[in-house]
Amino acid sequence: MITVSGDIGREDAVAMMTRYLGAWAAPQETMEAPGIPLPQRGRIYVLQNETPQSVIIFGWPAPSKADKRFLPFALIDFAVGSGGFGSRIFQEIRTARGLAYSAGSFYAPTSEYGLFGAYAITKSESTLDVLSLLSRIICDVSQHSLLPEELQRAKNALVNSHIFSFSSADKIAVQRMMLEYEKLREDFLDTYGSRVSAVTMSDIVDAARSLDLEHAVILVVGNAEAVKRITGSFADVQKIESSLY
């Protein structure tokens with residue numbers, strides 16, 4: 001797909017694309033992207049890397065952009081870890097305890113599936129502490145949802161940031177192209193703000209239930225001492241062998 005913006009009209013844009021791409025034919029056969037294999041249960045994976053810091057990442061399958069839980073999940077992500085200084089992970093792990101160089105969460109939705117992750121980078125000796133804190137924060141959200149003030153702050157942030165997606169012609173063009181590419185509803189962007197505002201605490205509770213620790217895939221990259229502590233503290237730990245280190 002191609003999008004064009006700038007000091008050019010439709011006729012000139014079409015003429016230019018025809019001139020350079022007129023002989024470009026779409027392939028006769030298309031390939032469906034393989035689905036993501038979903039684990040029946042979660043597991044801890046460790047990868048040894050001789051550095052003084054450990055990288056801890058929790059991951060879950062998450063809703064697609066077409067799923068009714070898309071916006072509730074985006075709000076959860078903001079409150080849990082992507083909302084900067086005010087997010088739970090940043091506050092509890094970095095601000096209150098100083099245990100992480102970097103900590104937060106991310107939600108990466110597509111039109112077909114999504115991925116939610118929570119992460120922290122910490123010194124090797126605090127690996128278990130940070131792993132426990134991340135588990136507790138996610139467990140608390142999955143079982144007790146968000147606080148009303150957290151939800152409102154997340155709503156305000158998402159609505160305000162969405163406005164900047166249309167601050168220039170090229171951003172508008174790209175947004176419209178991606179809307180078509182992902183086969184989303186025509187009013188997906190136009191109604192985004194109102195749909196964010198309409199999310200209820202009940203919607204948040206329903207979405208948060210999927211962040212079950214029993215289904216979390218956890219990766220810890222750390223030195224020999226950190227790996228030893230993880231394998232000595234948990235029964236089902238899978239070591240990843242890599243030739244990259």
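**Backbone outliers, sheet architecture and a surface patch**

Lys183 is situated in the loop that connects helix H6 (169-181) with helix H7 (192-198), and in this predicted model its phi is positive, at about 55°, although Lys183 is not a glycine. With a relative accessibility of 73%, Lys183 counts as exposed, because the threshold for that class is over 50%. A positive phi in a residue other than glycine is also found at Ser145, where the value is near 70°. Ser145 belongs to the loop between helix H4 (127-144) and helix H5 (148-163), and Ser145 is buried, its relative accessible area being 4%.

The strands considered here are arranged in an open sheet of six, with the order S3-S4-S2-S5-S1-S6 and mixed pairing. Strand S3 (102-109) and strand S6 (237-240) form the edges, each pairing on one side only, and neighbouring strands of the sheet are turned against each other by 20° on average, direction ignored. Between S3 and strand S4 (residues 114-123) the pairing is antiparallel and extends over eight bridges; Ala103 stands opposite Ala120 in S4. Helix H2 (residues 70-82) packs on this sheet, where it touches strand S2 (53-62), S3 and S4, and the direction of H2 makes about 170° with that of S3.

On the surface, a nonpolar patch is formed by Ile2, Val4, Met16, Tyr20, Leu21 and Trp24, which together have about 650 Å² of accessible area. Of these residues, Leu21 is placed in helix H1 (residues 10-21), and Leu21 counts as partly exposed at 33% relative accessibility.

Conventions: Residues numbered from 1 in each chain as written. Predicted model: local features only at pLDDT ≥ 70, side-chain atom pairs only at ≥ 80, totals over all residues. Heavy atoms only, no water. Patch = residues over 30% accessible without salt bridge, like charges linked within 9 Å, V, L, I, M, F, W, Y side chains within 5 Å. Areas by Shrake-Rupley, 256 points an atom, 1.4 Å probe, with all protein chains shown as cover. Salt bridge = Lys/Arg side-chain N within 4 Å of Asp/Glu carboxyl O. Helix = DSSP H or I, 4+ residues; strand = E, 2+ residues; numbered from the N terminus. Buried < 20%, exposed > 50% of the residue type's maximum accessible area, 1.4 Å probe, protein only. Pairing = 2+ DSSP bridges. Axes fitted to C-alpha atoms, helices over the stretch in contact; angles between N-to-C directions. Contact = heavy atoms within 4.5 Å.
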